Amino acid sequence: MCLGVPGRVERVWEAAGIRMAEVDFGGVRKEVCLAYVPEVGVDEYVIVHVGFAITKLDEASALETLALFRSIGTLEAEFADPLAESGGSP
Amino acid sequence: MGHGGGGRLSAELIEHLFLPAFDGTALSPVLRQLGDAAVLGLGDAAGGARLAFTTDSYVVRPRFFPGGNVGDLAVHGTINDLAVSGAVPLALSVGLILEEGMALDELGVITETMGRAAREAGVSIVTGDTKVVDAGHGDGVYINTAGIGLVPDGVDLGPHCVRPGDRILVSGPIGAHGIAVLSVRDGLEFGSEILTDSAPLHGLVGALRESGVAISVMRDPTRGGLAATLNELAVAARLGVEIVERAVPVPDDVRAACGFLGLDPMQVANEGKLVAFVRAEDAEQALEVVTAHPLGAGAALIGEVVAAHPGVVVARTGIGGHRVVDLPLAEQLPRIC
Amino acid sequence: MKYLDEFGDADLARRLLDDIHATVTRPWAMMEVCGGQTHTIIRNGIDQLLPHGVEMIHGPGCPVCVTPLEMIDRALAIAELPGVTFCSFGDMIRVPGSSDDLFGVKSRGGDIRVVYSPLDAVQLAKEHPDRQVVFFGVGFETTAPANAMTVRLAKEQGIANFSLLVSHVLVPPAITAIMDSPTCRVQGFLAAGHVCTVMGLGEYEPLVERYRVPIVATGFEPLDVLEGIRRVLHQLEGGEARLDNAYPRAVQPRGNPVAQAVVREVFEPCDRQWRGIGMIPQSGWRLSPAYAAFDAEQRFEVSSIETTESPLCHAGEVLQGLIKPNQCPAFGRECTPRSPLGAPMVSSEGACAAYYAFRRLDDPVVA
């Protein structure tokens, strides 16, 4: 359910009292309603579902999550038997 | 009905309705091959020459879309059906079904576009027909084009030539045409610079033929996209197809549009792309020949034919899993879930 | 696309999978509630990359799948009426009712429009004041704010020829229904990320406590889904049951309060039928009395249309993971993607449809 795609706010305006924006999804642009993300401005990222931004995308969190993924498994690798790599010969 | 979308419903109509109905003539075996064009031997009197013959109708909506309109589509589409059957296109017919009230200036633009497309492709429009139907009984204009071409000596293409190990070549990034049309469709409009890839492929096919690479079969993946074409060939050849998803060229903006519309780029229509099954030892050379051609920028080898799972197309996914690439049921619609 | 492609990275996927394989010591069964996540799992072959014995049960979180047959029949009845322009998300166009689908109505001349957003339907109503424009408002909590705002706008702007056919459903009551089933096998949940984006995490705390199951709010890209699975498995192996958020870039604990306020103003809770599952109490939203004038069911008097599901369909058992789709007697016979009997065969991401596609690998049928 609920296809939601991240995009960057390019331009903001008001139409009939509602905040609207042009959001860029990587080369394609779509008109999106910002009524549910009053704090969001130009150049910020939002997650869009059926023409509505449902949240601001927290860029710091995104980077933290990716950093977490990169750290997984590296601990064991770094602390694995250091002699194994040098062939174990003295 | 969903029977025109190039998917499973179209295939069922052909199999259960049309083939039984049109059977029982001298050349029925030609029909049953279900190629993009029928290849007909002209007999010894004609020195063994073979003619390719095809027809297609164009009902695209909207009629005008970024980079083209239904006119050049109708010319390119029929040229391509001839080209992928191995033929050198000779001549086209044009049948127009006009709805009463169709704006003449719009019709003028469409027919001018057809003429230009034919001249640029070096293929003549030699005969035609026009009918007018009452207002409300058509959708502005429907175009049918038929085409004939000459199949050069020694050319033998078709699913019967496909062998395990054949590599699969696609002549460039996929999905542009379908997305360009969707970008201007009522209710879905979005801003993009994506243009239709509509183009005549006979030049590219000629370059491949002249290079001497061993080709088993060719198709142009139009309705139903690459997924439909690969499924069709897997079934017809009674062999399996395996592709590497990351190797399939998809432009970033097409991928982005597919992302927010919930579409699979492999199921989106193309109008100027060639899919060729090539003998493994010739695959790299074929890629070089195609890439050197103006219509072959971004070509790629995307997979191979296997003996396992006959009739089924399997993709190795970006993260190393596998999935079945299914025949799209019918035309792709944007989804929310 | 930034913040999208990174979450499909093959090397990082390998790391997550290695960690999952190193963590798991015995079989586990968890459910991804959301059809979007089922889609990611099938499209990327994630299920085959998991350790043997880790089973993903595909949940009922697909509005296409769970919209009850009678609601489809009501939609068809409205769409057939002269003077009606019927708008829908593309998903619903080919969902079969008892005898037809919206595509069939369209090919017989009905005015059926596929729209990307419900706002497009309101726009159509403004442009065509002589037509009755109806929008098929399906979806989970994620889609409700969009549909709610649309009705509110129509009311504010006095667009009287617009109405909404509402079939909204909610995730937490579905989880309750699944866990309360005496034969339930689910040991952990991936909660639907975008539902949590709107509603927050608060509703899931009582479920974690009551049923002692890990629930992890999870996103939709391949790495997101793998991370959700990884976190559920870590909890299960450690004997824990906590509420966790593996999608913090889009999910705040409180959700989106602005959206929640509009939803509460426009909709009110109601009992709802789920296709293939049956009635789940308080599992849906309908228009609140203040917006009843925009209710298409009332405007077109179709609420009396009632339809029963095929008795051949075992979708409820499939959705609870009790049987595999191919163990259903109707699978591939009376029930195919062309003519589905139940929810999971309807959408291409449904469990039955996915099995139908993959069955061809084990049992190739060449036409």
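**Exercise 1.** How many bridges join strand S3 of chain A to S9(B), and do they run parallel or antiparallel?

*Solution.* The model is a predicted one.
Step 1. Take strand S3 of chain A, residues 28-33, and count its bridges to S9(B): there are 2.
Step 2. Read the direction: the strands run antiparallel.
Step 3. Name a pair: A:Val28 has B:Ser192 in S9(B) as its bridge partner.

**Exercise 2.** Describe the side of chain B that touches chain A.

*Solution.*
Step 1. Count residues, with contact meaning C-beta atoms within 7 Å: 13 residues of chain B are in contact with 12 residues of chain A.
Step 2. Assign elements: strand S9 (191-192) and helix H8 (252-261) of chain B each give two or more residues to this side. H8(B) gives the most, with 6 residues.
Step 3. Sort by type: this side of chain B divides into 6 nonpolar, 4 polar and 3 charged residues.

**Exercise 3.** Find the pairings of S13(B) with S8 and S11 of chain B.

*Solution.*
Step 1. Strand S8 (residues 167-170) is joined to S13 (residues 300-306) by 4 bridges, running antiparallel. Here B:Ile168 is partnered by B:Gly303.
Step 2. Strand S11 (residues 240-244) is also joined to S13(B) by 4 bridges, again antiparallel. Here B:Glu242 is partnered by B:Glu304.

**Exercise 4.** Decide where chain A should not be read in detail.

*Solution.*
Step 1. Chain A has a mean pLDDT of 85, with 80% of its residues at 70 or more.
Step 2. Confidence is highest in strand S5 (residues 52-56), at 98, and lowest in helix H3 (residues 82-85), at a mean of 42.
Step 3. Over residues 77-90 of chain A the pLDDT is below 50, and this stretch has 1 contact beyond near neighbours in sequence.
Step 4. Where pLDDT is low, predicted coordinates should not be read in detail.

Key: Residues numbered from 1 in each chain as written. Chains lettered and ligands numbered in written order. Predicted model: local features only at pLDDT ≥ 70, side-chain atom pairs only at ≥ 80, totals over all residues. Contact = placed C-beta atoms within 7 Å. Nonpolar A, V, L, I, M, F, W, Y, C, P; charged D, E, K, R; others polar. Pairing = 2+ DSSP bridges. pLDDT = per-residue confidence, 0-100.
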